[in-house]
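Hi there,

Here is the structure I promised to pass on to you. Have a look at it first, and then read my notes below.

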Amino acid sequence: MLKDVENLKPAVKSFKLRELEVFPNTILSPMDGVTDAPFRRLCRVLSGNRMGLLVSEFVPTNADEIFSLTGHKQLKFYPEEKPFGIQIFGCYPDKMAAAAKKIADGLHPDYIEVNAGCPAPKVAGKGSGSGLLRDLPRLQEILHDTRKALDTCQVNVPLTLKCRIGWDDDSINVMETLKIAEGEGVELLVVHGRTRLQGYNGLANWDWIGKVAAAAKIPVVGNGDVNSVECALERINTYGVSGVSIGRGAMHNPWIFGQIADAWEGKPAHIITAEEALDVFSIYYKFLEEEGRTEMGAMGRLKQLAARLCKGFVDGSEGCADEPQTGTSAAMHVRQTLLTAQTPEEFFERKEKLKSGIAKSLRYEPNRLVNLNGAKDNTLVFGNRYENR
């Protein structure tokens, strides 16, 4: 439950990306296979159009001999998603630069982002994503050539960088990455506080993010384990970052950006009912249909979202209510009812029955989702305070 959210006082509520004032100071982190256009549009609707920045799923550049705008579904975005950035990844400076120029000239995004953070073996193992952290001269060349290419475009497009703090605990080099980024014209740095070898395990190291923010001349946005308004506030105020980037927290709570915007605007916390949470599926399905998803593809995404959201259902008075017929929790009953549907029609029929029945005894409580990654750590530890920002 969000408590006294109207009294939260963030040190900063927005940041600037060139002439663009970004409020609230949040970014929906790009996640392959999750943050496609339907999910991004869902988050924007639920936020009351107060999302900060949106960014595409990452777009590969290595495979194309000649980069084509029509060959990558990740490039599609809708006008209401702006301000919107497109993230590219690869290990060849010439291909990255050529792709960035084509994207900027052809699609006019609000910024282009270079990915130096993806830990997936098929990406990092080939020298792209966080693999670039093992070859900083190559990363510097990519940033240099990409910035140079963008300078020749018909439109002015800022260049940003997403990185991790290093490859492993013995080779943390995020301070060197910051220096390279600033020297090559990067205008915003997003730092995920894990190493590549960590993947998504354990907790992000916000001490390192704070060190980067304290030393930087450009805005630094921190990423890792932000799953609530209170957490966003503490990250911003403790570590001196310009904002926070939220990934898996949004997967479980797509309202989080609107909740942060409400808090920064001094508005009372909006209590999400179980009925309201269930209505999200209709909005999401509409966006999936507009995207041209097959029935099976749309069902997969509906169930993916249901599996996450239902973790936040609790009894309206306390804890979790028991379902007498099954002996399992009411939240689990809702989850299983939705996940065992075989067609969209059946899914929505069951959803309506749940709304008029057991859901009336439930509420949606996203703040109970402390641990997002399945690791044993379930507390958020904050270290040194960085005030010289």
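**Aromatic pairs and a buried strand**

Let's start with two rings: Trp206 and Tyr239 are both buried. Please keep in mind that this is a predicted model.

How are the rings of Trp206 and Tyr239 arranged as an aromatic pair? They are tilted, with 45 degrees between the planes and 5.7 Å from centre to centre. Trp206 belongs to helix H6 (residues 206–215) and Tyr239 to helix H7 (residues 229–239), so this pair ties together parts that are 33 residues apart in sequence. In total, the structure holds nine aromatic pairs.

Another of these pairs is made by Phe347 and Phe348, and its geometry is edge-to-face. Here the centres are 5.4 Å apart and the planes make an angle of 75 degrees. Are these two rings buried or exposed? Phe347 has 0% relative accessibility and therefore counts as buried. Phe348 is at 17%, and it counts as buried because the cut-off is under 20%. Both rings also belong to one aromatic cluster, together with Phe281 and Tyr285.

Rings can have a charged neighbour over the face too. Arg41 lies over the face of Tyr78, 3.9 Å from the ring centre. Arg164 does likewise with Tyr200, at 5.0 Å from the ring centre.

Arg164 is a handy link to the next part, on strands. Which residue is its bridge partner in strand S9? It is His192. Strand S8 (residues 159–166) and S9 run parallel and are joined by six bridges. Together with helix H5 (residues 174–183), these two strands make a right-handed β-α-β unit.

On to S10 (residues 220–223): four bridges join S9 to this strand, and the two run parallel. One example is Leu189, whose bridge partner in S10 is Val220. Between S9 and S10 the chain passes through H6, and this β-α-β crossover is right-handed as well. You have met H6 before, as the helix that holds Trp206.

Finally, how many of the residues of S9 (residues 188–195) are buried? Eight of the eight are, so the strand is largely enclosed by the rest of the structure.

If you want a route through the viewer, try Trp206 and Tyr239 as the tilted pair, then Phe347 and Phe348 as the edge-to-face one, and then S9 with its parallel neighbours S8 and S10.

Enjoy exploring, and write back with any questions!

Best wishes

Methods
Residues numbered from 1 in each chain as written. Predicted model: local features only at pLDDT ≥ 70, side-chain atom pairs only at ≥ 80, totals over all residues. Heavy atoms only, no water. Phe/Tyr/Trp six-rings, centres within 6.5 Å; stacked < 30°, edge-to-face > 60°. Buried < 20%, exposed > 50% of the residue type's maximum accessible area, 1.4 Å probe, protein only. Lys NZ or Arg CZ within 6 Å of the ring centre and 35° of its normal. Pairing = 2+ DSSP bridges. Right-handed = clockwise from strand over helix to strand, strands pointing away.
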